[in-house]
Amino acid sequence: MSTRQTRVAVIGAGAVGLVVAEAAHDAGHDVVLCARTRPERLVIERTDRVRELDVPVLVDPGEAQPADWVLLATKAQDVAGAAAWFDGLVGPDTTVVVLQNGVDHAERVGPLLPSGTTVLPALVYVAAELLDRGHVLHRRGARLTVQGCPDTAGAESLTGFTTAFTTAPAAPAAANRTAAPAAGTGSLPGERFAALMAGSGLAVELVADFRTAAWRKLLTNAAANPITALTMQRMVVIQQNESVRELTRGLLREAVRAGIAEGAALTADDVTRTLQVYDEFAPDDGTSMHYDRAAGRATEHELITGAIVRLGDRHGVDVPLNRAVLALMRGLNHK
Ligand SMILES: NC(=O)C1=CN([C@@H]2O[C@H](COP(=O)(O)OP(=O)(O)OC[C@H]3O[C@@H](n4cnc5c(N)ncnc54)[C@H](OP(=O)(O)O)[C@@H]3O)[C@@H](O)[C@H]2O)C=CC1
Ligand SMILES: CC(C)(CO)C(=O)C(=O)O
């Protein structure tokens, strides 16, 4: 009996899309990239090596065939446009993994999919900069965090962007990562996703309390992304400028309070922990929002600062610093 390869379609040939397409390819799957414009080459650069990825690229949604997995790696504001791919790619057995920032992945994408489609939100601990069309610099981090089963240990041991990309079979990324089940087994979407990516350069971490994990990831964006976009400086400005660091602490304190009101198990220690994550970056690492502004693209502020303000308002939590930053980000995007 012959078994066919698992079909994985990655939507978005950007920074995250290229890194996950490479990982799915290395894990032995039949990968296709779905792009808006065809890149001449697919190049993934790291400090120690440059690699060309050889996978087919589609630019016409009409050519898409049903996939077992769809890995959605566009910016949040491009989800509606990316939905053109769903008709061809998504069948009754397809799982759609949403690899984006924010805390409302399923609400964002679910309504655009056929009813009953399995949607798996994924937190992206991959820091990558698109240098040119089809050319990514993968700067650090090689971990995707997804919902595990309820008895998976808590999210307390999350370790920022320190997990290294390796082409050797992935080692457990953190104490709360459960072992990936054998490919094709595991009843939860997160467990099946961990099995899918086993043997690739990306570690898939399963957590019991995904809400808290998502807020912890949001904290890594809450200050760094808007500040680096507004100042047009990289992480150095948060690491070394005392006034900016004070603003960073203030933005994070507010976000922690909004997250707690939303039911995330955050504490005041999360402010210190997030500053430590920021300090682990190289001074010249940027953020996805900084790269967007540098390239003249729209930014994802509604998904990050906007979510903190919206949810703060819902729960009566004062978030004046985030509100001010949101106004500036809206101004920056004003057309
Ligand atoms: N970069 C990073 O370090 C990190 C990013 N993230 C998150 O990951 C998500 C992806 O970010 P990132 O990879 O940086 O974004 P990029 O802007 O680098 O890539 C997004 C890609 O999506 C493509 N796209 C947009 N619309 C469509 C469409 N209709 N069909 C096909 N492709 C489309 C864009 O194409 P085009 O070139 O035509 O615009 C672009 O290539 C975001 O939510 C981001 O916040 C999370 C952690 C870190
Ligand atoms: C935490 C950070 C800044 C790492 O790249 C990120 O998630 C982003 O750029 O959106």
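This briefing describes a predicted model of a protein chain with two ligands, topic by topic. The chain has an average pLDDT of 92, and 92% of its residues score at least 70. For the complex, the predictor reports an ipTM of 0.99 and a pTM of 0.94.

**Confidence**

- The pLDDT falls below 50 over residues 168–181. In the model this stretch still has 36 contacts beyond near neighbours in sequence.
- Where pLDDT is low, predicted coordinates should not be read in detail.

**Annotated domains**

- An unreviewed UniProt entry annotates residues 8–147 as "domain: Ketopantoate reductase N-terminal". This span is 18% helix and 40% strand. Its end C-alpha atoms are 20 Å apart.
- Residues 209–332 carry the UniProt annotation "domain: Ketopantoate reductase C-terminal", also from an unreviewed entry. Here the chain is 72% helix and 0% strand. The C-alpha atoms at the two ends of residues 209–332 lie 35 Å apart.

**Helix H1**

- Helix H1 covers residues 15–26, which makes 12 residues. From its first C-alpha to its last, H1 reaches 17 Å, close to the 16 Å expected at 1.5 Å a residue.
- H1 is mostly covered, with 10 of its 12 residues buried. Among the buried residues of H1 are Ala-15, Val-16, Gly-17 and Leu-18. Glu-22 is buried in H1 as well.
- Gly-28 follows H1 and has a positive phi, near 100°.

**Surroundings of ligand 1**

- There are 28 residues around ligand 1. Those that come nearest are Gly-12, Gly-14, Val-16, Arg-36 and Gln-100. One of these, Val-16, is also among the buried residues of H1.
- At least two residues of the shell around ligand 1 come from each of H1, helix H2 (79–82) and strand E8 (118–132). E8 gives the most, with 5 residues.
- By type, the shell around ligand 1 is made up of 15 nonpolar, 9 polar and 4 charged residues.

**Surroundings of ligand 2**

- Around ligand 2 stand Asn-101, Ala-127, Thr-220, Asn-221, Ala-224, Asn-225, Thr-287 and Ser-288. Of the residues in this shell, 2 are nonpolar, 6 are polar and none is charged.
- Helix H6 (210–222) and helix H7 (224–231) each supply at least two residues of the shell around ligand 2.

**Helix H7**

- H7 is largely enclosed by the rest of the structure, because 7 of its 8 residues are buried.
- The buried residues of H7 include Pro-226, Ile-227, Thr-228, Ala-229 and Leu-230. Ala-224 and Asn-225 are buried in H7 too, and both belong to the surroundings of ligand 2.
- Met-232, just after H7, takes a positive phi of about 55°.

**A buried loop residue**

- Thr-152 is found in the loop that lies between strand E9 (135–147) and helix H5 (189–197).
- Thr-152 has 20 C-beta neighbours inside 10 Å, so this loop residue counts as buried. The cut-off for a buried residue is 20 or more.
- In sequence, Thr-152 and Ala-208 are 56 residues apart. In space, their C-alpha atoms are 5.0 Å apart.

Conventions
Residues are numbered from 1 along each chain as its sequence is written. Chains are lettered from A and ligands numbered from 1 in the order in which they are written. This is a predicted model: local features need pLDDT of at least 70, side-chain atom pairs count only at pLDDT 80 or more; totals for chains, interfaces and linings use all residues. Helices (H or I, at least four residues) and strands (E, at least two) are DSSP runs, numbered from the N terminus. The expected span of a helix is 1.5 Å times one less than its number of residues. pLDDT is the predictor's confidence in each residue, from 0 to 100. Two residues are in contact if their C-beta atoms, placed from the backbone, lie within 7 Å. A residue is near a molecule or strand if its C-beta atom, placed from the backbone, lies within 6 Å of it. Ala, Val, Leu, Ile, Met, Phe, Trp, Tyr, Cys and Pro count as nonpolar, Asp, Glu, Lys and Arg as charged, and the others, Gly among them, as polar. UniProt positions are given in the numbering used here, feature names are shortened, and annotations may be inferred rather than shown by experiment.
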